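I opened my notebook to jot down a few things looked up in this model. Here are the entries, in the order I wrote them.

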Amino acid sequence: MAGPIIRNWWNTYQLGKSDSKDSNREEDNEDVTVKRQLSISQALRTRQLRINFDEGRPVLSLRAPLDLVQFPSVSCPRWPVECEVISNAVHHIEWEPPHPEPFYYPKGHERIPFLSGEEGRQVVYSIDNGNKCSYFTCSRAGGSRVSERRASFSDSSQKQRSLEFESRFESGNLQKAVQIGPFNYELTLRTDLYTSKHTQWFYFRVRNMKPGVTYRFTIVNFTKRRSLYSQGMRPLLYSERSADESSVGWQRAGSNIAYYRSQNRKANNESESLYSLTWTLQFPYEADTCYVAHCYPYTYSHLQCYLRHISSKPTVASYCKVRVLCHSLAGNVVYVLTVTSRTGGKVKDNGNKKAVVVTARVHPGETNSSWMMEGFLDFLLGDSDDAQLLRDTFVFKVVPMLNPDGVVVGNYRCSLAGRDLNRNYKSVLRDSFPCIWHTRNMVEKLMNETDVVLYCDFHGHNRKNNVFMYGCNNQEDASSRLHERVFPLMMSKNASDKFCFKSCKFQVQKSKEGTGRIAMWRLGIKNSYTMEATFGGSTLGDRKGTHFTTQDLKSLGFYVCDTLLDYCDPDPSKMTYCLTELTALLRKEAKERLGKESDTDFSVSDLESGTSGSDSSDSDGLPAHLLQQAPSDHEEHPPVKNKKKVSHKRRNRLRSTIHQPTVPPESSPQLAEPDLQREEDAGKRSSKEGLLGRHRRKWQVNTPVRKIVIPAAHANHGDVRHVTLWQGCEPVKDDRGEDSGPAANMRRARPNINTIVTLSPRRGCKFSICCFDCRFLLALVAT
């Protein structure tokens with residue numbers, strides 16, 4: 001059947017070749033090949049048959065399976081067609097400083113530059129990639145077809161030569177540079193493509209500098225109120241000459257660092273505050289090529305090179321299979337790795353193995369997550385006994401880069417859909433969010449085959465130091481109470497100088513329902529985490545006041561593997577120890593909080609604040625290209641009218657009248673003046689009580705008395721010594737100064753932990769009794 005179709009197609013193609021000869025002169029060979037392939041695929045109604053052309057004659061071959069990976073010898077990522085890209089590829093060496101690099105400590109005389117007017121300002125660099133189109137249309141390998149134009153400008157009449165800037169390379173981000181003095185430059189970052197916000201990541205090249213001269217750079221369009229630059233973080237500098245001559249790579253540089261509010265701007269008819277980062281810098285050499293970045297860059301080409309390297313090892317290839325999960329909007333490959341021990345080419349005891357899912361780089365500007373992922377894979381694919389034990393015990397599904405398009409174009413948070421992928425895990429728009437849709441689908445299929453013991457998504461954090469985790473509170477299941485906090489606590493003991501357990505949060509907020517952490521938790525993965533690594537450094541132990549290096553970030557991936565072995569250890573000693581310590585820690589915090597007067601609701605979850613992640617509410621909703629269509633194209637239902645807001649006072653009155661017997665109008669007595677006054681006072685009191693009062697009244701009506709059973713603690717802890725668990729880690733002490741470890745519990749007389757506590761509502765109680773967290777907290781304090 002295929003033969004006649006191909007012959008007919010070939011004859012038609014030859015007849016139409018002469019007619020379209022002139023029109024095809026301007027087309028690339030790549031586009032011509034793609035069109036030929038599409039036409040024959042449509043004729044045959046299959047894409048399994050691949051057709052190559054040898055001197056104009058078709059050569060047939062079978063296409064490789066979609067999930068097999070063939071890494072190109074030279075990486076050539078696909079860009080949106082409107083993006084201009086320079087032809088020279090950028091490469092950096094990896095280097096570890098001999099000593100930890102300290103934070104910058106303000107001296108109190110940091111000068112904040114004054115934003116001058118248009119006079120004396122000269123634009124020395126400008127690109128407009130983000131202004132050509134309001135949504136993504138198509139992509140091309142290498143970006144725009146337009147010949148590379150000069151984006152740097154210089155005035156030959158000036159006595160001092162200007163710096164030459166460039167950011168049109170992979171992961172680069174710099175929109176404009178304006179010279180406002182001999183050595184003073186004002187920089188503007190490009191927002192995420194097809195959005196008007198998200199400016200945090202910067203990465204650009206600088207040339208034509210003079211050594212020994214102090215240059216000042218000021219980035220003027222940050223949008224976050226707080227930043228690690230206010231806490232001692234310093235930018236990164238890379239010198240190609242230092243790399244060639246001294247093998248020195250990225251290093252922290254800069255002085256007179258200040259982060260401050262600079263101006264206001266209007267966006268979407270709303271006023272928005274802008275913040276500026278300013279610092280001074282001296283370049284080491286003349287006529288050098290230097291790079292400045294927010295964090296250690298990790299590009300899509302770097303990932304492809306790394307995966308090609310590990311796939312070339314026969315031993316690693318025997319237990320690590322690299323496959324194609326899907327293709328992004330631009331057509332870049334999203335890779336997935338399956339790591340587990342195999343026997344005879346088949347997975348060994350797959351039915352008895354539990355699964356672990358690890359992902360990274362859903363936010364393209366959080367490059368530290370990719371370095372953690374590389375460290376995780378280095379250990380997991382290594383030849384150590386612990387790595388072999390992990391491969392024998394689990395099936396690992398690893399997606400090292402969820403958002404390759406954003407990484408390529410230098411976005412900070414969004415994909416080419418103009419939306420934050422980590423807010424759209426619940427979306428059914430597979431074509432708009434293919435990366436996360438296929439990731440969620442992969443996890444759902446995996447859960448049908450086996451249990452998933454852990455899901456962890458690697459991220460970076462811009463406002464807090466150290467490393468920490470966000471988890472989900474399993475408040476509905478009393479038997480697994482506090483178990484979601486065990487893995488982060490173990491992590492803090494294994495990496496005590498980097499990981500801070502006090503910064504971990506375990507809340508399920510409505511605004512974060514679309515995140516991978518909560519979406520996987522909703523699927524049934526109890527240990528579902530987001531691990532956040534700072535862009536700055538550590539404030540703990542021996543590393544206090546120093547920046548993280550790439551080796552530090554890689555070591556965190558190793559600690560995840562080490563902690564997984566501790567968590568799944570058949571010996572329950574470590575698990576029991578951590579649960580006991582967590583109970584003591586919560587009891588201590590609860591007693592401290594109970595000692596403070598408060599008029600608001602209180603629960604166990606109130607012991608911690610929100611996850612304080614970036615506000616991506618402007619990146620929720622439909623993709624950018626759907627928003628540009630006419631309302632009739634994507635609106636299936638008429639808009640729902642907003643309900644009229646009702647005041648607390650009126651709502652309380654309506655509620656009270658509902659529960660009162662109806663009185664005929666003719667027999668209803670007139671309210672006396674004191675009764676009216678009492679009614680107004682009651683309305684004021686009810687409005688002040690707010691949510692607490694409403695919860696209490698609802699509780700009184702529906703369930704007059706509730707009884708709960710206090711979760712039983714582990715009675716048989718055994719005499720476990722702290723030194724045998726984690727070296728150098730002190731147990732948590734309660735407010736009496738006594739140890740709260742297992743041995744201390746055995747020394748003290750334990751209360752009756754199986755006592756049933758009856759909680760009845762009390763007038764003026766500041767607790768929300770209908771909340772499970774609160775009942776657990778009261779029961780915990782009662783013990």
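**Entry 1: Phe376 and the cores**

I am working with a predicted model, and I began by listing what surrounds Phe376. Beyond its neighbours within four places in sequence, Phe376 is in contact with Val358, Phe396, Val398 and Phe458. The list continues with Lys554, Gly557, Phe558, Val560 and Cys561.

Next I asked which residues have the most contacts inside the largest nonpolar core. They are Phe165, Phe217, Phe283, Phe376, Phe396, Phe458 and Met531, in a core of 129 residues. I then looked up which helix gives the most to this core, and found H12, spanning residues 550-567, with eight residues. There is also a second core, separate from that one, with 23 residues. Cys326, Phe433, Cys435 and Ile525 are among them.

**Entry 2: Thr534**

I moved on to Thr534, which sits in strand S24, residues 528-534. Is Thr534 buried or exposed? Its relative accessibility is 2%, so I noted Thr534 as buried, the cut-off for buried being under 20%.

Where does its side chain reach? I found the backbone oxygen of Lys464 at 2.8 Å from the side chain of Thr534. Setting aside neighbours within four places in sequence, I listed the contacts of Thr534 as Leu228, Asn368, His461, Lys464, Asn465, Asn466 and Phe548.

**Entry 3: a five-strand sheet**

I then traced an open sheet of five strands, and its order reads S6-S9-S15-S11-S12 with antiparallel pairing. Which strands stand at the edges? They are S6 (164-166) and S12 (251-252); each has a single partner strand, so one side of each has no neighbour in the sheet.

Within this sheet I checked the pairing of S9 (residues 203-207) with S15 (residues 290-293), which is antiparallel and runs over four bridges. For a landmark I wrote down Tyr203, which stands opposite Ala293 in S15.

**Entry 4: Pro211**

I followed the chain to Pro211, in the loop between S9 and strand S10 (214-222). With 37% relative accessibility, Pro211 counts as partly exposed, since that class covers values between the 20% and 50% cut-offs.

What does Pro211 touch, residues up to four places away in sequence not counted? My list has Phe283, Pro284, Tyr285 and Glu286. For the last of these I also looked up the separation: Pro211 and Glu286 are 75 residues apart in sequence, but 5.2 Å apart in space from C-alpha to C-alpha. Phe283, also touched by Pro211, was already in my notes as one of the residues with the most contacts inside the largest nonpolar core.

How values were computed
Residues are numbered from 1 along each chain as its sequence is written. This is a predicted model: local features need pLDDT of at least 70, side-chain atom pairs count only at pLDDT 80 or more; totals for chains, interfaces and linings use all residues. Side-chain values use heavy atoms; hydrogens and water are left out. A nonpolar core is a set of buried Ala, Val, Leu, Ile, Met, Phe, Trp, Tyr and Cys residues joined through side-chain atoms within 4.5 Å. Buried means under 20% relative accessible area, exposed over 50%, partly exposed in between (1.4 Å probe, protein chains only). Helices (H or I, at least four residues) and strands (E, at least two) are DSSP runs, numbered from the N terminus. Contact means heavy atoms within 4.5 Å. A polar contact is a pair of N or O atoms within 3.5 Å; within protein, one must be able to donate a hydrogen and the other to accept it, and residues adjacent in sequence count only if both atoms are side-chain atoms. Two strands pair if DSSP finds at least two bridges between them.
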